[in-house]
Amino acid sequence: MKPTSLVLLVLAIMIPASLALASETPNKIHPLRPQAGSGGHRIPGVSCLSWRLAVETDNIQDWDLVPWACENYVGHYMLGHQYRKDCNAAAWAAYDYAKGLTLKKDGKDVWIFDIDETSLSNLPYYARPDNAFGAKEYNETTFKEWELEGKAPAVPAILGLYKRLLKLGFKIVFISGKSESLRSITVYNMKKVGYYTWEKLILKQTSESGTTAMVYKSKQRKELEEAGYRILGNMGDQWSDLLGTHVGNRTFKVPNPMFYIA
């Protein structure tokens, strides 16, 4: 088969499958609009599309703010069709891999999901003028107030993948950097939008507050494996969700150009 024909065949399979994943869940991400403003720093000679690609491929690291010139670009991307398509593509790739596995049916085959910007979307918060899609400084106080509302919608493609993985027989483990103090509202929020069951929901203890995300999540995954679990899939929006140790057999990156967590 010619390379061009192969690409067309893959796309023909991928697009309907990705749409099916998204169609399993209602569209609950708010129809917000980007806000004008500035906050980050311009990167001379780098287009916003190129900047986003560099962020998603981890070529740009340890950045604090979305460049001010890219605020509207990031806003339109996050609220538009392309972000949804990119999430669908990640979910399709994950499901295509997962359905080809033979599970041992002993309850130890797990799939790990991050929560914020992977399973749940905080777009209603980040679209506010004071946040400007990551082009303005992160405000821990207002973000916690938002979390306590328990109103974060699901990321549709990831919720669809979650449901399909359950049908395949995977046990689901959520590992999040959210504080343990937010457990009740997090459980409420997740069940409300459709994440109704899981094997474990691991949140960050106060004693771990100074630990980086990569170190914290590596430790939690190690403990899972020591308890006999097999990590067959691992999905997150940050590279710190997917790098480190005990990352699992396959990792899948969900797009997020709004912020960086080490």
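**Questions about burial, rings and enclosed space**

Modeller: In this predicted model, the elements that cover the buried residues of helix H9 (213-226) include strands E1 (109-113), E2 (171-179), E3 (200-204) and E4 (230-236), together with helix H10 (239-242).

Biologist: Which residues of H9 are the buried ones?

Modeller: They are Ala213, Tyr216, Lys217, Ser218, Gln220, Arg221 and Leu224, and each is called buried because its relative accessible area falls under 20%.

Biologist: How do you know what span to expect of H9, and what does the helix reach?

Modeller: H9 has 14 residues, and the expected span is 1.5 Å times one less than that number, which comes to 20 Å; the helix reaches 20 Å from its first C-alpha to its last, close to the expectation. Just after H9, glycine 228 takes a positive phi of about 100 degrees.

Biologist: What makes the phi of lysine 105 and of phenylalanine 133 worth a remark?

Modeller: Most residues other than glycine have a negative phi. Lysine 105, however, has a positive phi near 60 degrees, and phenylalanine 133 has a positive phi near 55 degrees. Lysine 105 is found in the loop between helix H4 (81-98) and E1, whereas phenylalanine 133 is placed in the loop between helix H5 (123-126) and helix H6 (140-149).

Biologist: Are these two residues buried or exposed, and how do you know?

Modeller: Lysine 105 has a relative accessible area of 80%, and since exposed means over 50%, lysine 105 is exposed. Phenylalanine 133 has a relative accessible area of 0%, which is under the 20% limit, and is therefore buried.

Biologist: Why is the pair of tryptophan 63 and tyrosine 260 called tilted?

Modeller: Among the 19 aromatic pairs, this one has its ring centres 6.4 Å apart, with 50 degrees between the planes. The distance lies within the 6.5 Å limit, and the angle is neither under 30 nor over 60 degrees, so the pair is tilted. The pair links distant parts of the chain, 197 residues apart: tryptophan 63 lies in the loop between helix H2 (48-56) and helix H3 (71-79), and tyrosine 260 in the segment after strand E5 (251-253).

Biologist: What makes tyrosine 260 partly exposed, and how does tryptophan 63 count?

Modeller: Tyrosine 260 has a relative accessible area of 23%, which falls between the limits of 20% and 50%, while tryptophan 63, at 8%, counts as buried.

Biologist: Why is the pair of tyrosine 77 and tyrosine 83 called edge-to-face?

Modeller: Their ring centres are 5.9 Å apart and their planes stand at 75 degrees, an angle over 60, so the pair is edge-to-face. Tyrosine 77, at 5%, and tyrosine 83, at 1%, are both buried because each value is under 20%.

Biologist: What makes the largest cavity a cavity, and the largest pocket a pocket?

Modeller: A cavity is a set of points where a 1.4 Å probe fits but cannot get out, whereas a pocket is an open set. The largest cavity holds about 80 Å³, and of its 13 lining residues the closest to the centre are Leu120, Glu147, Ala152, Lys178 and Asn189. The largest pocket holds about 1200 Å³ and is lined by 43 residues, with Tyr138, Phe143, Gly177, Lys178 and Ile261 nearest its centre.

Definitions and conventions
Residues numbered from 1 in each chain as written. Predicted model: local features only at pLDDT ≥ 70, side-chain atom pairs only at ≥ 80, totals over all residues. Heavy atoms only, no water. 1 Å grid on protein atoms, 1.4 Å probe; cavity = no way out; pocket = protein on both sides within 12 Å on 5 of 7 lines; lining within 4 Å. Points joined across faces, edges and corners; volume = space filled by probe spheres on them. Helix = DSSP H or I, 4+ residues; strand = E, 2+ residues; numbered from the N terminus. Buried < 20%, exposed > 50% of the residue type's maximum accessible area, 1.4 Å probe, protein only. Contact = heavy atoms within 4.5 Å. Phe/Tyr/Trp six-rings, centres within 6.5 Å; stacked < 30°, edge-to-face > 60°.
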